[in-house]
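Please look over the fold shown here and follow how its parts pack together.

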Amino acid sequence: MKKILITGSGGFVGKNLIRFLKDYSFQIIETKDKSFDLKLNESWEQIEKCDYLIHLAGKSFVPNSWEEPAKFIENNILLITNALEYCKVNKTKLIFLSSYLYGNCKKLPIKENSPIEATNPYALSKLLSEKLCYFYKNNFQVNNIILRVFNLYGPGQPKDYLLSKITNQVKNENIIKVDSLSPKRDYVYIDDLCSAIVKAINYKGDENIFNIGSGKSYSVKEIIDFIQNIYGTSFDIKEKEIIRKNEILNTIADINLAKKELGWFPIYDLKEGLKKIKNF
């Protein structure tokens with residue numbers, strides 16, 4: 001039985017991935033024990049040899065990254081470096097979850113070979129992590145797959161994320177407050193990401209960077225309408241008219257490469273995903 005090491009298995013993605021992988025014949029090794037400080041080499045030396053490493057550990061909330069940019073970057077870079085070293089020593093295949101790195105891309109949908117840039121400290125940590133993956137792949141033959149995940153959502157997502165925040169307001173308040181109604185994003189449901197991870201584990205081809213999204217985008221206003229329709233509410237909406245620093249206006253993933261190479265495609269559209277969250 002193949003062994004999969006999952007860092008950050010106690011987080012939003014990790015918990016859902018553990019649930020998803022129960023349908024597959026893998027032995028799961030977790031590092032959520034607080035005695036494991038993955039910033040320390042000694043912790044990695046205690047981990048048994050695994051066939052695959054799904055690297056999820058790290059700081060991830062964009063607004064917080066603006067408040068503590070150095071901590072975000074230092075933490076995430078140290079974690080991916082140690083993960084790559086572990087993979088180098090143990091001949092382990094790495095699946096690294098990156099993020100949207102294309103800025104305000106003028107051409108939609110966005111392909112993997114589009115110019116990349118960091119628009120916030122969190123994205124910068126991911127961009128630098130990708131460069132490390134590239135370096136270790138080319139100089140130390142560390143087999144790695146990078147999944148550039150667009151806007152992720154699903155059951156158990158922290159309350160500060162947009163879809164969770166709107167849902168909580170619909171369930172517990174009589175008004176919906178958001179910063180802005182206009183930004184549009186490509187949303188991918190957590191189970192679709194999990195299936196992409198499994199496809200990446202089994203992938204034998206030469207490509208190593210894949211967009212993971214839905215290929216569609218929705219505005220904040222459309223999302224509110226979907227959620228209100230699901231819960232049968234019609235609360236007023238208050239737009240604070242706050243534009244975040246380096247706000248991105250629209251994102252749409254070109255997922256043709258993932259379809260062609262991984263044999264992956266998303267099953268859930270946004271409406272279906274939101275309904276699953278309600279019934280989870």
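This report goes from the whole chain to the sheet, then to the cores and one buried acidic residue.

**Overall**

The model is predicted. The chain holds ten helices and twelve strands. Its C-alpha atoms fill a box of roughly 55 × 40 × 35 Å along the principal axes. A compact globule of 280 residues would have a radius of gyration near 19 Å, and the chain has 19 Å, so the two agree. Buried residues account for 50% of the 280 residues. Contacts reach far along the sequence: of those between residues at least 6 apart, 81% join residues at least 24 apart. The accessible surface is about 14200 Å². Carbon and sulfur atoms own 49% of that surface.

**The sheet**

How are the six strands of the open sheet ordered? The order is β2-β1-β3-β4-β5-β10, with parallel pairing. β2 (26–30) and β10 (209–212) stand at the edges. Each has a single partner strand, so one side of each is left without a neighbour in the sheet. From one strand to the next, the twist averages 25°.

Strands of a sheet pair through backbone hydrogen bonds. Three of the pairings are set out below, each with one residue pair.

| Strand pair | Sense | Bridges | Facing residues |
|---|---|---|---|
| β1 and β3 | parallel | four | Leu-5 and Leu-53 |
| β3 and β4 | parallel | four | Leu-53 and Leu-94 |
| β4 and β5 | parallel | six | Phe-96 and Ile-146 |

Leu-53 of β3 thus appears twice: Leu-5 stands opposite Leu-53, and Leu-94 in β4 is its bridge partner.

In a regular strand the side chains alternate between the two faces of the sheet. Is β3 covered on one face or on both? Both faces are covered. Tyr-52 and Ile-54 are buried on one side, Leu-53 and His-55 on the other.

Strand β4 spans residues 93–99 and strand β5 spans residues 144–149. Helix α7 (residues 190–202) packs on the sheet. The helix touches β1, β2, β3, β4, β5 and β10. Its direction makes about 145° with that of β4.

**The cores**

In soluble globular proteins, nonpolar side chains tend to be buried together. Here the largest nonpolar core has 59 residues. Those with the most contacts inside it are Ile-54, Leu-97, Leu-147, Ile-166, Leu-193, Ile-212 and Leu-270. Which element gives the largest share of this core? Helix α7 does, with eight residues.

Ile-54 was named above as a buried residue of β3. Leaving out residues up to four places away in sequence, Ile-54 touches Ile-4, Leu-5, Ile-6, Thr-7, Leu-17, Ile-95, Ile-197 and Ile-201. Another core, of 20 residues, lies apart from the largest one. Its members include Ile-47, Ala-57, Leu-79 and Tyr-86.

**A buried glutamate**

Glu-130 lies in helix α5 (residues 121–140). Is this residue buried or exposed? Glu-130 has a relative accessible area of 6%, so it counts as buried, the cut-off being under 20%. What does Glu-130 touch, not counting residues up to four places away in sequence? Its contacts are Phe-96, Ser-98, Leu-101, Ile-146, Arg-148 and Ile-209. Two of these, Phe-96 and Ile-146, are the facing residues of the β4 and β5 pairing.

How values were computed
Residues are numbered from 1 along each chain as its sequence is written. This is a predicted model: local features need pLDDT of at least 70, side-chain atom pairs count only at pLDDT 80 or more; totals for chains, interfaces and linings use all residues. Side-chain values use heavy atoms; hydrogens and water are left out. Two strands pair if DSSP finds at least two bridges between them. Helices (H or I, at least four residues) and strands (E, at least two) are DSSP runs, numbered from the N terminus. Axes are lines fitted to C-alpha atoms, for helices over the stretch in contact, and angles run from 0 to 180 degrees between N-to-C directions. Contact means heavy atoms within 4.5 Å. A nonpolar core is a set of buried Ala, Val, Leu, Ile, Met, Phe, Trp, Tyr and Cys residues joined through side-chain atoms within 4.5 Å. Buried means under 20% relative accessible area, exposed over 50%, partly exposed in between (1.4 Å probe, protein chains only). The radius of gyration is taken over C-alpha atoms; the globule rule is 2.2 Å times the number of residues to the power 0.38. Accessible areas come from the Shrake-Rupley method with a 1.4 Å probe; for residues, only the protein chains shown count as cover.
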